[in-house]
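User: Please take one part of this structure and look at it closely. I would like to know what lies around it and how it fits into the whole.

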Amino acid sequence: MVDISIDGDRAVFTVEGMHKLWSLRSQIQIPLTHITGVEINHDQVGKWWHGFKLIGTDAPGLFAAGTFYYHGELVFWDVRDTTKTILVSLEHERYKKLIVEVADPETTRKLLTGAMAR
């Protein structure tokens, strides 16, 4: 699970609990101007092949956490429950996408899109 907050002009993605160990990341900070989109698409996340795991943990059918190489791009995953997942598209960052499980996908999407609009 990832907690997402806004700190000034940055979105802060804080990896919680044992997911820090599985993903080998505790936090990712992204300037709001580098976020190009936030979407909720549970079906797409559930069907996706995660790519080649570079760093982290991948237990097919259970969870994915860490950095994956997918279609020539780096993608950060922290997903156990695909029904609570958001996809954050980025530009000018190491990762092209952040695919993360959050407590409330719709509220989180509104938080990020609202902050991006400011």
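Analyst: What follows concerns strand E9 and the elements around it.

The model is predicted, so local features are given at pLDDT of at least 70 and side-chain atom pairs at pLDDT 80 or more, while totals for chains, interfaces and linings use all residues. Residues are numbered from 1 along each chain as its sequence is written, and side-chain values use heavy atoms, without hydrogens or water.

Strands here are DSSP runs of E with at least two residues, helices are runs of H or I with at least four, and both are numbered from the N terminus. Strand E9 covers residues 97-101, and four of these five residues are buried (under 20% relative accessible area with a 1.4 Å probe, protein chains only; exposed is over 50%, and partly exposed lies in between). The strand is therefore largely enclosed by the rest of the structure.

Two strands pair with E9, where pairing requires at least two DSSP bridges between the strands. With E7 (residues 73-79), E9 runs parallel over four bridges; here Asp78 has Val100 as its bridge partner. With E8 (residues 85-90), E9 runs antiparallel over five bridges. Leu87 lies opposite Ile99, and Ser89 lies opposite Lys97. Six residues separate the strands of the E8 and E9 hairpin, and among them His92 has a positive phi near 60°.

These pairings belong to an open, mixed sheet of six strands, ordered E4-E8-E9-E7-E6-E5. E4 (35-39) and E5 (52-59) are its edge strands; each has a single partner strand, so one side of each has no neighbour in the sheet. From one strand to the next the twist averages 15° (axes are lines fitted to C-alpha atoms, for helices over the stretch in contact, and angles run from 0 to 180 degrees between N-to-C directions). Helix H3 (residues 105-117) packs on this sheet and touches E4 and E8, contact being heavy atoms within 4.5 Å. The direction of H3 makes about 155° with that of E4.

What does H3 turn inward? Its buried residues are Pro105, Thr108, Leu112 and Ala115. They lie on the same side of H3 because they cover an arc of only 105° around the axis, taken from the directions from the helix axis to the C-beta atoms. Lys110 and Ala117, on the other side of H3, are exposed.

E9 also takes part in the nonpolar packing. A nonpolar core is a set of buried Ala, Val, Leu, Ile, Met, Phe, Trp, Tyr and Cys residues joined through side-chain atoms within 4.5 Å. The largest has 21 residues, and Leu98 is listed with Phe13 and Ile35 as having the most contacts inside it. E9, E8 and H3 are among the elements that give two or more residues to this core. A second, separate core of nine residues includes Ile99, along with Val45, Phe68 and Val79. Beyond four places in sequence, Ile35 contacts residues including Val88, Ser89, Leu90 and Leu112.

One residue of the loop between E7 and E8, Arg80, also reaches this strand. Arg80 is exposed, with a relative accessible area of 57%. Apart from neighbours within four places in sequence, Arg80 contacts Leu62, Phe63 and Glu101. The C-alpha atoms of Arg80 and Phe63 are separated by 4.3 Å, though the two residues are 17 apart along the chain.
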